[in-house]
Amino acid sequence: MSINFTTATIKDFENIPDNDMAQRAEIFYEYLDYVKSNGHMNYRLKNTSGTNAVLNVNIADRNREFVSFVSSDYLGFTQHPKVKQAAIEGIEKYGTGTGATPLIGGYFDYHNALEKKISGFFKRTEDEAVVFTTGYTANSATLQCLMQKEDLAILDMAVHASVHEGCAFTNKKTFPHNNLESLEHILKVSENLYRTKLVVVDGVYSQDGDTSRINEIYNLVKKYNAFLMVDDVHGVGILGETGRGTLEQAGLLDKVDLITGTFSKTFGNLGGYVIADKKIAAFIRFHSRQQIFSATAPPSSAGIVKAIDLIDEEPIWREKLWNNINYFKKGLDDLGLDTGVTCSAIIPVKIGDPYVTGEAGKLLIEKGIYTNPILYPAVPRKDARIRMSVTARHEKEHLDKTLNAFDDINKKLHIAKK
């Protein structure tokens, strides 16, 4: 089988017929060389400074300074002195690791404090949290232990890959993004066929930056006696009157069955969580493979507790973030670029053609702007885009430099809406 590198995507190399694993890897390695040769390799670049609005990146053995839009550190808490100090104090008290899984000696008082802090943050005082080492496994491991062959997971097609992986051992149906008619049809025809029916949606979707139609979805789920799980990794700290995310904005904080999320974005650290009824939480602790067989989060997680506090203690970061979001999006819209339906800190510039999108990413790098071209399978084949995350650390000069770069690129590549 011959693969045309000019139109290929990573997906095309997953399973090449009649090629064993070494042969597939060799063909893919040739493809990577091709991507590097045409300047479209904006992936796995080596950073030489901490996550911030400006990032030092090593490209072709040369360190350069870039305005960065590749980080989801939305409030800039990875660089907050109080968060860093709390992490340092955690290491000084406990060391650098835990050395065990939570069931056999790896559960420490700072894990317990973190579980109580994150469930309290969502005002779920009667529920409990389970902490995982990544947000990815918070989704995948939770779903794998809760959903079995007698059950049905019903997913918005745009949910994160971790959700799809978590449903590998159960029955799965998907509905077009935010399509309530399709969701209701699945709920109706499945009503008496499965033991557990669980609908899973994101609060904010990671590629378009739009929100779930969460109130309507919640009403449908309860109408058909199903459960609802919401992954709000891109909404927490940003949306809602006090930064509790999409569910606070919708008035559903105390109603959704399971809330999942990550500590790697707004909270500036690493790890994930699921919040549920205390009996379900206990079930997850003793049946999730990641809880049974993987070591727990390190003592630097103490910084997360402080980051959670800062959402309320220093609301100025959310205010600055939203000033940046509104300014930057208006600037892109004024240039005639297609930012879609975003209403969050995720701002795409939709281009459509994958090659032109790669060229735009290349030109942005040349102009000192570090962004991510997003191609199939992360988005549909004809919906390629430049994806950017705005943070509270960006200054007006960073945003203006980027807007000027897009203006120049548009004149060359004609990427504005027709």
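This text walks through a predicted model of one protein chain, from its domains down to single residues.

Start with the broad layout. The domain assignment splits the chain into two parts. Domain 1 is built from residues 39–68 together with 316–413. Domain 2 covers residues 80–312. Between the centres of the two domains, taken over C-alpha atoms, lie 28 Å. Domain 1 gives 18 residues to the contact, and domain 2 gives 17 residues.

The UniProt record draws its own bounds. An unreviewed entry lists residues 66–405 as "domain: Aminotransferase class I/classII large". In the model, that stretch is 41% helix and 17% strand. Its end C-alpha atoms are 12 Å apart.

Now go to a single residue in the interior. Phenylalanine 328 sits in helix 12, which runs over residues 316–334. Is phenylalanine 328 buried or exposed? Its relative accessibility is 0%, so phenylalanine 328 counts as buried. Look at what surrounds the ring. Leaving out residues up to four places away in sequence, phenylalanine 328 touches Phe69, Ile347, Met388, Val390, Leu399, Thr402 and Leu403. Asparagine 63 gives a sense of distance. From phenylalanine 328 to asparagine 63 is 265 residues in sequence and 27 Å in space, C-alpha to C-alpha.

Next, turn to the surface. Leu103, Ile104 and Phe286 form a nonpolar patch there. Together these three have about 340 Å² of accessible area. Leucine 103 belongs to the loop between helix 2 (81–94) and helix 3 (109–121). Leucine 103 has a relative accessible area of 37%, so it is partly exposed.

Charged pairs come next. Side chains of opposite charge can pair when their charged atoms come close. The structure holds 25 salt bridges. One of them joins glutamate 14 and lysine 11, with the closest N and O atoms 3.2 Å apart. Lysine 11 is partly exposed, at 33% relative accessibility.

Another salt bridge brings together the side chains of glutamate 395 and lysine 320, at 3.7 Å from N to O. Which parts of the chain does this pair link? Glutamate 395 is in the loop between strand 14 (384–389) and helix 14 (396–413), and lysine 320 is in helix 12. The two residues are 75 residues apart, and the pair links distant parts of the chain. Helix 12 is also the place of phenylalanine 328. Both partners in the salt bridge are partly exposed: glutamate 395 at 37% relative accessibility, and lysine 320 with a relative accessible area of 24%.

A third example pairs the side chains of lysine 350 and aspartate 383, again in a salt bridge, at 3.7 Å from N to O. Lysine 350 lies in strand 11 (residues 346–352), while aspartate 383 lies in the loop between strand 13 (372–374) and strand 14, so the pair ties together parts that are 33 residues apart in sequence. Is lysine 350 buried or exposed? With a relative accessible area of 18%, lysine 350 is buried, because the cut-off for buried is under 20%. Its partner falls in another class. Aspartate 383 has 22% relative accessibility and counts as partly exposed. Some salt bridges share partners. In this way Lys149, Glu150, Asp151 and Arg195 are joined into one network.

Last, look at the backbone. Most residues other than glycine have a negative phi, and most peptide bonds are trans. A few places in this model depart from that pattern. The peptide bond from tyrosine 376 to proline 377 is cis, with omega near 15 degrees. Proline 377 is in the loop between strand 13 and strand 14. Aspartate 383 is in that loop too.

Alanine 60 has a positive phi, near 55 degrees. Where is alanine 60 found? It is in the loop between strand 2 (54–59) and strand 3 (62–68). At 74% relative accessibility, alanine 60 counts as exposed.

Histidine 414 also has a positive phi, near 55 degrees. Histidine 414 lies in the segment after helix 14. Its relative accessible area is 54%, so histidine 414 is exposed.

Notes: Residues are numbered from 1 along each chain as its sequence is written. This is a predicted model: local features need pLDDT of at least 70, side-chain atom pairs count only at pLDDT 80 or more; totals for chains, interfaces and linings use all residues. Side-chain values use heavy atoms; hydrogens and water are left out. Helices (H or I, at least four residues) and strands (E, at least two) are DSSP runs, numbered from the N terminus. Buried means under 20% relative accessible area, exposed over 50%, partly exposed in between (1.4 Å probe, protein chains only). Contact means heavy atoms within 4.5 Å. UniProt positions are given in the numbering used here, feature names are shortened, and annotations may be inferred rather than shown by experiment. Patches are made of residues with over 30% relative accessible area and no salt bridge: like charges are joined within 9 Å, nonpolar side chains (Val, Leu, Ile, Met, Phe, Trp, Tyr) within 5 Å. Accessible areas come from the Shrake-Rupley method with a 1.4 Å probe; for residues, only the protein chains shown count as cover. A salt bridge is a side-chain nitrogen of Lys or Arg within 4 Å of a carboxyl oxygen of Asp or Glu. Domain bounds come from an automatic or database domain assignment.
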